Amino acid sequence: MGNMTKEMYEQRMEQEKAKREIVKSDPNRLRFHLQPPVGWLNDPNGLCQVDGVYHIYYQYSPFEPLGGTKLWGHYTTKDFVHFKDHEPFLYADWRYDERGVYSGSAFVEDGMIHFFYTGNVKLFDRDDYDYCNNGREQNTIHMTSKDGFSHTEKELVMTNSDYPADMSTHVRDPKIFKKDGAYYMVLGARDVDSHGLLLMYRSTDLKDWTLFDRLTMPDFGYMWECPDLFELDGELFLVFSPQGLEAKGWDNRNVYQTGYCRLDYDFDTKEYAFSLFQELDRGFDYYAPQSFLDEQGRRIQFGWMGMGDAPYTNAPTIERGWQHALTLPRELRAKDGHLYQTPIVEIEQLRQEKYESSIADFADPGFGKSYEMIVTFAQSAPFSITVDDEATLAYDGSVLRLMMNEGGYGRDERGIEIDAVKNIRLFKDTSSLEIFVNDGWTVFSSRVYSTGEPSVRIEAQGEGTVTMYALDSIE
Ligand code: FRU
């Protein structure tokens, strides 16, 4: 049973072989970001490192650039410079995930990877079909693997009737967190009154799970997707993607948000307090990130460089048969309760030709469509950086904004209030921009589809330096 078994996938892939070549020839294909070989990609899933190999799985609909039945696509790398594209790792081939292998995560212990994900089932045949309240099953499923390629049989861990009775059918995206010898599984959820919340289950063996707690905040959206609970710098953080937050000034301007709270949580008394929600990224295309601890102890996070249900969904890549990408892998660091994001250091190996100048003497070195640009300001003062006449990052002394022209396909303006801008590290790939501000204090991630000659300009009232590198591709 299932909507996309391995056999169905192989047969159709054989029939549609030519599509891959069309995708490859797309001038908007990215050079140093992970993207679907063909079709649609959304959330990063199952991130882990075993025996030196990093596994990066992702939500994948190989035959539909607008999304369809989800499988888990699969990339591996040992160094974040060379990547291998593998056959999908999980197929929608079981009664409990027949309408899609939804998002999930990996937990590695004693050389064994435990995968937990949400099996999506749609109950179209119900007479009283209601997508939110009875129209589907959200099954929590577990399997294990030693190598990240083959896996044991899928086991059903929980289904709708196992979740609290006041849950809608939106309960998904399991992630594991270990504390004092016990395992905690967090799931994002929406209750029947449309309040977003976090369900927390506890286990001592990764097999039997009992409801431990439910955490929420008043007036904080109708659904919390993709929760990620982890400790960093001795503090507990919850990264999640709440839906239904109201826009306020420059905050929460995307259709859905992604951010984090510090969580003060007493595992004995279950008393808790969330700190103020902070958006992780101020760009147009950033959602559903997931992090993991690598073998060196770094907390590495990938996000989906995309946005579900955004008004700007007519990307020119669609007619070439593909859509979306993952962000650069970012290392997370906590300082004074704030999460800083920086591209992992391996990215520096992609650097080729170098250019250096003062801001005043800057002349575009013509590095083409993919480069890194580092601007260090001697003093914070208004400035603007314009890329391809399509995207402008501008600071007026109090607000830093990213503004887009036609190449944004409907993306207009995003921003953040900020007292001082000390440095900018901008990564331009063929059709994307990631701009790290003040050592990763905040980031703007966006797609941009430029057509003219590549160009970059900077104007600034203050002084400073510019360093640029042409960047190599990861393939
Ligand atoms: C987030 C999300 C998850 C879900 C997956 C389905 O983008 O909606 O909640 O598991 O995508 O592809």
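Let's start at a turn: strands β9 and β10 form a hairpin with two residues between them, and D180 in that turn has a positive phi of about 50 degrees. Keep in mind as you look around that this is a predicted model.

Now follow the two arms of the hairpin. β9 (167-179) and β10 (residues 182-191) run alongside each other in the antiparallel sense, joined over eight bridges. You can pick out individual partners across this pairing: V171 has A189 as its bridge partner in β10, and R172 stands opposite G188 of β10. In a regular strand, side chains alternate between the two faces of the sheet.

How covered are these strands? β9 is mostly covered, with ten of its 13 residues buried. β10 is mostly covered too: seven of its ten residues are buried.

Moving on along the chain, β10 also pairs with strand β11 (residues 196-203), again in the antiparallel sense and over eight bridges. Here L187 stands opposite L199 in β11. β10 and β11 form a hairpin with four residues between them, and S194 in this turn has a positive phi of about 60 degrees.

Finally, let's visit the ligand. Which strands each supply at least two residues of the shell around the ligand? They are β1 (39-50), β5 (101-109), β13 (223-232), β18 (287-293) and our starting strand, β9. In total, 14 residues surround the ligand, and the closest are Q59, Y102, S103, E225 and A288. The shell is a mix of residue types: four nonpolar, five polar and five charged.

Definitions and conventions. Residues numbered from 1 in each chain as written. Predicted model: local features only at pLDDT ≥ 70, side-chain atom pairs only at ≥ 80, totals over all residues. Near = placed C-beta within 6 Å. Nonpolar A, V, L, I, M, F, W, Y, C, P; charged D, E, K, R; others polar. Buried ≥ 20, exposed ≤ 12 C-beta atoms within 10 Å, placed from the backbone. Pairing = 2+ DSSP bridges.
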